[in-house]
Amino acid sequence: MTFQFKRLALVLSLPLMVSATALFGLSTAAFGQSPAKEGKEVLYWYDPMVPQQKFDKPGKSPFMDMELVPRYADEGGDGASMSIDPSVTQNLGMRLATATRESISQSLEATGALMFDERDVAVVQARAGGFVERVYDRAPEDVIEKGAPLADLLVPEWVAAQEEYLALKGIGEPQLLAAARQRLRLAGMPPEVIVQLERTGKARPVWTVRSPIGGVLNSLDVREGMTVSTGASLARVNGLEKVWLEVAVPEAQVANVAPGQLVNARLPAFAGEVLEGTIQAVLPQANLDSRTVRVRVELPNPQQRLRPGMTAEVTLSRNVEDVLVIPSEAVIRTGRRALVMLAEDQGRYRPIEVRTGREFDDQTEVLEGLEAGQKVVASGQFLLDSEASLRGLTAQGLEEPATSTEPALHEAEGTIVSLEDGMVGLSHGPFKTLNMPGMTMSFPVADQSLLTKLQTGDHVRVGARESEEGLVIEHIEKLGGQP
C-alpha cells in the first residue's frame, strides 16, 4: 500500500519537475553569467529583479546585493525579443497557433415576454352626454371583432337636432339642410348614425357604441343606468394583429444589437416552432437591478395565437463578419492590458500588446496588434512571459493616436436619481460622441468631492471618460433649469 502511494506521488510530480527544470533552464541564461562574454556586443546592463532599469556599465545592483547582468545584441537586436533553445521549448510542450481571418456570425441568447402593441389601441369615448340603457354581454379580456356592440346610450340632445334636420329635409332648402347636417356632426353624432337618419327618416336618440377595431377588450367602464358625460371613457381595446416581444439584453451586449436585426423566438406554448421577427427599437432606459436593457421586437400575429404574457427564448443573430482570431488560451491578461508571445524565425519570441474584442467559443477576436498569418504561443506562453520579464524585455505596445494622450471626455445632460455608495444614478440624455442613447444608469466618479452640494432631482451636465471600469464621471456641473 505504501509502495503504491509513493509510486503514484512520483508519477504525479514528474510534470511539475519537467516544468520547473525547463523554467530553470530558461532563467539560467539570465542569471548564470554576470561578466560580459568576449567578442559579444552588450546593449546594456540590468538587474533581473528590476529589469526595467537599464545601466551603461557593469557593477553592483543598487536594488539588490547582486551583480548586474549583460543584455547582448544577439539576444534580440531591438531589445524586445529573446531566443529559446528548441530542446527547452519541446520540454515545455510549447504549441503555436496562427492568427487567421474567419467569417463568424455571433448570436445572443436571451429571454423575453409578449406584450400588447401599444400603437394599436382604441379608446372608445362618449360623443355626447347621456344615459346607459344597455350593456352588451361583454367582459374585460374578451376577444372581440371590429364593430362588435358594447353599449346603447340614450342621448337626449340629439333628438331635437334630428327632428330639425328631418323638418328641413321636407322643405327642400339645400343650404338650410346642409347647415342642419353640420349641427348634427357638431353635436357629436357619428357619420353612420346620420346616414341611418337620412335613410329611414326617423329620429333615433339611442346610439349603439361599437368597437372600432378587433382585439382584446382591455376595459369596459359602463353599467346599465349610468349617466355619462361628453368625453367619458367607455372602453379600451388592444389590437392583436401584431404583438411586441420585449427582450432583456445584458448591458454589456447592447452594442451588439440594433433596429432591423433578425430575431428568432421559441415559445413553450408552440413547441418546435420558431417565430421570426425584427428588432423595432432598443429602449432608452436600463434596469438598475438586473443591469439589462429592453429590446422591443415586433411579431406578426395573423391568427391571434400569440397572447401577451407568454414567455419566449430568444436568439438575436448578427450579420456575418470577417474578423481576425486567435485561440483564447494564447492571450495573457495582466489586468491592465492583453499580451501575446509572438513566435518569430530562428526560435525567437517577442511579447507584444494586443487589443482584443469579442470571444467566440474558444477563440478571441484581435482588433489591433496582430496580422493574419503571424504565429503566437498558445501553450507555455506564461513561462515565456516570466522569462521575458526576467530578461528585462518590454512588450511592444499599441500605437496611441497622435492627437490625444488620454481618452476623450464625453458630455451629456441629465437628472440625478440617486446618490449612494459613491455612485451617482443618472437619468441622462445621449452621449453623442459615443453614439450611446439616453438611459438611466449609475456611474462611478473620479473624485468623491464632485458629489458635494448635489442632491436627487438636480439637473446636471456631466463629463465622463472611458476606463477599464467603464464610464467614469470626471466633471459635474449643476444647471439652473429643469430638463
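Which residues are buried in helix α5 (residues 191-200)? In this predicted model, the buried ones are Val193, Ile194 and Leu197. They sit on the same side of α5, because the arc they cover around the axis is only 100 degrees. Flip to the face turned away from that buried side and the picture changes: Pro191, Glu192 and Arg199 are found there, and they are exposed. As for what lies over the buried residues of α5, the cover includes α3, α4 (174-186) and β12 (206-210). Just past the end of α5 comes glycine 201, with a positive phi of about 75 degrees.

Helix α3 (residues 157-171) is worth a look next, starting with glutamine 162, which is part of it. Glutamine 162 has a relative accessibility of 0%, so it counts as buried. Setting aside residues up to four places away in sequence, glutamine 162 touches Leu184, Met189, Leu197, Lys202, Ala203, Arg204 and Pro205. One of these, Leu197, is also among the buried residues of α5. Leucine 184 tells its own part of the story. With neighbours within four places in sequence left out, its contacts are Ala161, Gln162, Tyr165, Met189, Ile194 and Leu197.

Now for the bigger grouping. The largest nonpolar core is made up of 30 residues, and Leu184 turns up again here, listed with Leu153, Trp158, Leu217 and Leu234 as the residues with the most contacts inside it. Two or more residues come from each of β11 (149-154), α3, α4, α5, β12, β13 (215-220) and β15 (233-238). Helix α3 gives the largest share of this core, at four residues. There is also a second core, separate from this one, with 24 residues; Leu240, Val243, Leu245 and Val257 are among them.

That leaves the strands. Four of them make an open sheet, running in the order β12-β11-β9-β14 with antiparallel pairing. The edges are taken by β12 and β14 (227-228), and each has a single partner strand, so one side of each has no neighbour in the sheet. Strands of a sheet are joined by backbone hydrogen bonds, and the pairing can be parallel or antiparallel. Further in, strand β9 (residues 130-135) pairs with β11 over four bridges, in the antiparallel sense. To pick out one residue pair, valine 135 has alanine 151, in β11, as its bridge partner. Two of the sheet's strands, β11 and β12, have already come up, since both are listed among the elements that give two or more residues to the 30-residue core.

Conventions:
Residues are numbered from 1 along each chain as its sequence is written. This is a predicted model: local features need pLDDT of at least 70, side-chain atom pairs count only at pLDDT 80 or more; totals for chains, interfaces and linings use all residues. Side-chain values use heavy atoms; hydrogens and water are left out. Buried means under 20% relative accessible area, exposed over 50%, partly exposed in between (1.4 Å probe, protein chains only). Contact means heavy atoms within 4.5 Å. The arc is that of the directions from the helix axis to the C-beta atoms. A nonpolar core is a set of buried Ala, Val, Leu, Ile, Met, Phe, Trp, Tyr and Cys residues joined through side-chain atoms within 4.5 Å. Two strands pair if DSSP finds at least two bridges between them.
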